[in-house]
Amino acid sequence: MRSMPTALRRRRQLAGYTAAGLAREAGVSASRIRELEQAARPLLPPTAARLAKALGCGIEDIATLDDAAAPNSGDDGAEAA
């Protein structure tokens, strides 16, 4: 199963978006897109819904249950979702 950062980046690239372009379309910051793609922040449901809508896919296409349930590695000090 593909990890959320990899799945999000792949979907973004397949849709032809830059991180900044997807951010504009989804109404989130470009830094949030980069943080999500680097697994520096958890993907919360409202953001997942906005990204999925902008990408024309389902939430399950960019996030997995494994991603939502897995604790953060702690390397960056972020808390688990």
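Buried means under 20% relative accessible area, exposed means over 50%, and partly exposed lies in between, computed with a 1.4 Å probe on protein chains only. This is a predicted model, in which local features need pLDDT of at least 70, side-chain atom pairs count only at pLDDT 80 or more, and totals for chains, interfaces and linings use all residues. Residues are numbered from 1 along each chain as its sequence is written, and side-chain values use heavy atoms, with hydrogens and water left out.

**Stop 1: helix α1**

Select residues 4-14, which form helix α1. Helices here are DSSP runs (H or I, at least four residues; strands would be E, at least two), numbered from the N terminus. Within α1, color Met-4, Pro-5, Ala-7, Leu-8 and Arg-12, which are buried. These residues cover an arc of only 165° around the axis, which puts them on the same side of α1. The arc is that of the directions from the helix axis to the C-beta atoms. As background, an α-helix has 3.6 residues a turn, so residues three or four places apart point the same way.

Step past the end of the helix to Gly-16, which follows α1 and has a positive phi near 85°.

**Stop 2: α1 against α3**

Add helix α3, residues 30-37. The axes of α1 and α3 come within 8 Å and cross at roughly 130°. Axes are lines fitted to C-alpha atoms, for helices over the stretch in contact, and angles run from 0 to 180 degrees between N-to-C directions. The crossing makes α1 oblique to α3. Angles under 35 degrees count as roughly parallel, over 145 as roughly antiparallel, 65 to 115 as roughly perpendicular, and the rest as oblique.

Show the side chains of the contact (heavy atoms within 4.5 Å). On α1 they are Met-4, Pro-5, Leu-8, Arg-9 and Arg-12, and on α3 they are Ile-33, Leu-36 and Glu-37. By class, the contact of α1 with α3 has five nonpolar residues, no polar ones and three charged. Nonpolar covers Ala, Val, Leu, Ile, Met, Phe, Trp, Tyr, Cys and Pro; charged covers Asp, Glu, Lys and Arg; the others, Gly among them, are polar.

**Stop 3: salt bridges**

How many salt bridges does a search of the whole structure find? The search finds five. A salt bridge is a side-chain nitrogen of Lys or Arg within 4 Å of a carboxyl oxygen of Asp or Glu.

Select Glu-37 and Arg-12, a salt-bridged pair whose closest N and O atoms are 2.6 Å apart. Glu-37 lies in α3 and Arg-12 in α1, so this pair ties together parts that are 25 residues apart in sequence. Glu-37 is buried at 7% relative accessibility, and Arg-12 is buried at 10%.

Next select Glu-35 and Arg-41, where the salt bridge has its closest N and O atoms 2.9 Å apart. Glu-35 is partly exposed at 24% relative accessibility, as is Arg-41 at 38%. Return to Arg-12 and add Arg-9: salt bridges that share partners join Arg-9, Arg-12 and Glu-37 into one network.

Finally, select Asp-61 and Arg-11, whose salt bridge has 3.8 Å between the closest N and O atoms. This pair links distant parts of the chain, 50 residues apart, with Asp-61 in the loop between α4 and α5 (65-69) and Arg-11 in α1. Asp-61 is partly exposed, with a relative accessible area of 31%; the value for Arg-11 is 31%, also partly exposed.

**Stop 4: the loop after α3**

Select Ala-39, in the loop between α3 and α4. Its phi is positive, about 60°, although Ala-39 is not a glycine. At 37% relative accessibility, Ala-39 counts as partly exposed.

**Stop 5: α2 against α4**

Select helix α2 (residues 19-26) and helix α4 (residues 45-55), which pack at an angle of about 105° with their axes 9 Å apart. That angle makes α2 roughly perpendicular to α4. Leu-22, Glu-25 and Ala-26 of α2 meet Arg-50, Leu-51, Ala-54 and Leu-55 of α4. The residues of this contact divide into five nonpolar, no polar and two charged.

Center on Glu-25 in α2. Not counting residues up to four places away in sequence, Glu-25 touches Tyr-17 and Ala-54. Glu-25 and Lys-53 are 28 residues apart in sequence and 9.1 Å apart in space, C-alpha to C-alpha.

**Stop 6: Thr-47**

End on Thr-47 in helix α4. Is Thr-47 buried or exposed? Thr-47 counts as buried, at 13% relative accessibility. Leaving out residues up to four places away in sequence, Thr-47 touches Val-28, Arg-32 and Leu-36.
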